Amino acid sequence: MNDLLYKNTFAVDAADCDMFGRLRPSIMLRLMQGAGWAHADALGLGNDAVWSRGLLWVIGRTVAEIDRLPRADEQITLCTWPGQQRKVFLPRSFEIADAEGRSLIRAKSIYLMMDRESRHTVTPQSVGLDVPGACERAELPDPPSRVPFPGSLDGSDGYSERFSRTFELCITD
């Protein structure tokens, strides 16, 4: 296995699905985050390595394209790989595919490393951590720095915000 590509194949647990038997988006994000942490651990960049240096990982933004949410008991493969570091931004891409290898979900998160005390961002290299290069694999564009917000912020236009503006979700099922 390529060290820069992490794969995990499993069946979707029915408890992680909505009333229609589809994987809940919140669980999708948790599964991707868990795979990212497991891969970071395997690369020597996990919580033990950063915590012992007084640091922590933070997810800044996430963008996802969902063609179809997996169903209960469906066999899926979750892959994740690091992108090219850009200053303090460390992108990580994700893909969830069905048993036939068809891509169901593609996502990208931007991670940052922060000093726990000062809450300032740091580069892994500045604290003696070696970050591997980017995996040669297609990835989504970076999440937008700001998501356009329709209407006014006071709700006078009848629009009420229910989700974080830093998470863009597109479902085409």
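This briefing describes the fold, the aromatic contacts and several individual residues of one protein structure.

The model is a predicted one. The protein contains two helices and seven strands, and from the N terminus on these elements follow the order β-α-α-β-β-β-β-β-β. Of its 173 residues, 38% are buried.

**Overall picture**

- Contacts in the protein often bridge long stretches of sequence: among those between residues at least 6 apart, 68% join residues at least 24 apart.
- The protein exposes about 9,900 Å², and carbon and sulfur atoms supply 52% of this area.
- A search of the whole structure for disulfides finds zero.
- Two cysteines can be described by their accessibility: cysteine 17 is buried, with a relative accessible area of 9%, and cysteine 79 is buried as well, at 5%.

**Helix H1 and its surroundings**

- Helix H1 covers residues 25–42. The helix has 18 residues and reaches 26 Å from its first C-alpha to its last, close to the 26 Å expected at 1.5 Å a residue.
- The buried residues of H1 are Ile27, Met28, Leu31, Met32, Ala35, Gly36, His39 and Ala40.
- An α-helix has 3.6 residues a turn, so residues three or four places apart point the same way.
- The buried residues of H1 pack against five strands, namely S1 (6–11), S2, S3 (75–82), S4 (90–98) and S5.
- Just after H1, glycine 44 adopts a positive phi of about 80°.

**Histidine 39, a buried residue of H1**

- Histidine 39 is located in helix H1, and at 1% relative accessibility this residue counts as buried.
- Leaving aside residues up to four places away in sequence, histidine 39 touches Asp3, Leu4, Leu5, Tyr6, Thr80, Trp81, Pro82 and Arg92.

**The aromatic cluster**

- A pair of aromatic rings is described by the distance of the centres and the angle of the planes.
- The count of aromatic pairs in this model comes to two.
- One of them joins tryptophan 37 and tyrosine 111, with 5.7 Å from centre to centre and 75° between the planes, an edge-to-face arrangement.
- Tryptophan 37 lies in helix H1 and tyrosine 111 in strand S5 (residues 103–115), so this pair ties together parts that are 74 residues apart in sequence.
- Tryptophan 37 is partly exposed, at 22% relative accessibility, whereas tyrosine 111 is buried, with a relative accessible area of 5%.
- Tryptophan 57 also pairs with tyrosine 111: the ring centres lie 6.3 Å apart and the planes stand at 90°, so this pair is edge-to-face.
- This second pair links distant parts of the chain, because tryptophan 57 is in strand S2 (residues 55–66) and tyrosine 111 is in strand S5, 54 residues away.
- Both tryptophan 57 and tyrosine 111 are buried.
- Together, Trp37, Trp57 and Tyr111 form one aromatic cluster.

**A charge over a ring**

- Arginine 116 lies over the face of tryptophan 51, at 3.7 Å from the ring centre.

**Methionine 114 in strand S5**

- Methionine 114 is found in strand S5 and counts as buried, at 16% relative accessibility.
- Methionine 114 and leucine 56 are 58 residues apart along the chain, yet their C-alpha atoms are separated by 5.4 Å.
- Not counting residues up to four places away in sequence, methionine 114 touches Gly54, Leu55, Leu56, Val58, Arg119, His120 and Thr121.

**Positive phi in the loops**

- Aspartate 73 has a positive phi of about 70°, although this residue is not a glycine.
- Aspartate 73 belongs to the loop between S2 and S3 and is exposed, at 61% relative accessibility.
- Arginine 119 is another residue other than glycine with a positive phi, near 65°.
- Arginine 119 sits in the loop between S5 and strand S6 (121–122), and at 51% relative accessibility this arginine counts as exposed. The cut-off for an exposed residue is over 50%.

Terms used
Residues are numbered from 1 along each chain as its sequence is written. This is a predicted model: local features need pLDDT of at least 70, side-chain atom pairs count only at pLDDT 80 or more; totals for chains, interfaces and linings use all residues. Side-chain values use heavy atoms; hydrogens and water are left out. Rings of Phe, Tyr and Trp (its six-membered ring) pair if their centres lie within 6.5 Å; planes under 30 degrees apart count as stacked, over 60 as edge-to-face and the rest as tilted. Helices (H or I, at least four residues) and strands (E, at least two) are DSSP runs, numbered from the N terminus. Buried means under 20% relative accessible area, exposed over 50%, partly exposed in between (1.4 Å probe, protein chains only). A charge sits over a ring if NZ of Lys or CZ of Arg is within 6 Å of the ring centre and within 35 degrees of the ring normal. A disulfide is a pair of cysteine sulfur atoms within 2.5 Å. The expected span of a helix is 1.5 Å times one less than its number of residues. Contact means heavy atoms within 4.5 Å. Accessible areas come from the Shrake-Rupley method with a 1.4 Å probe; for residues, only the protein chains shown count as cover.
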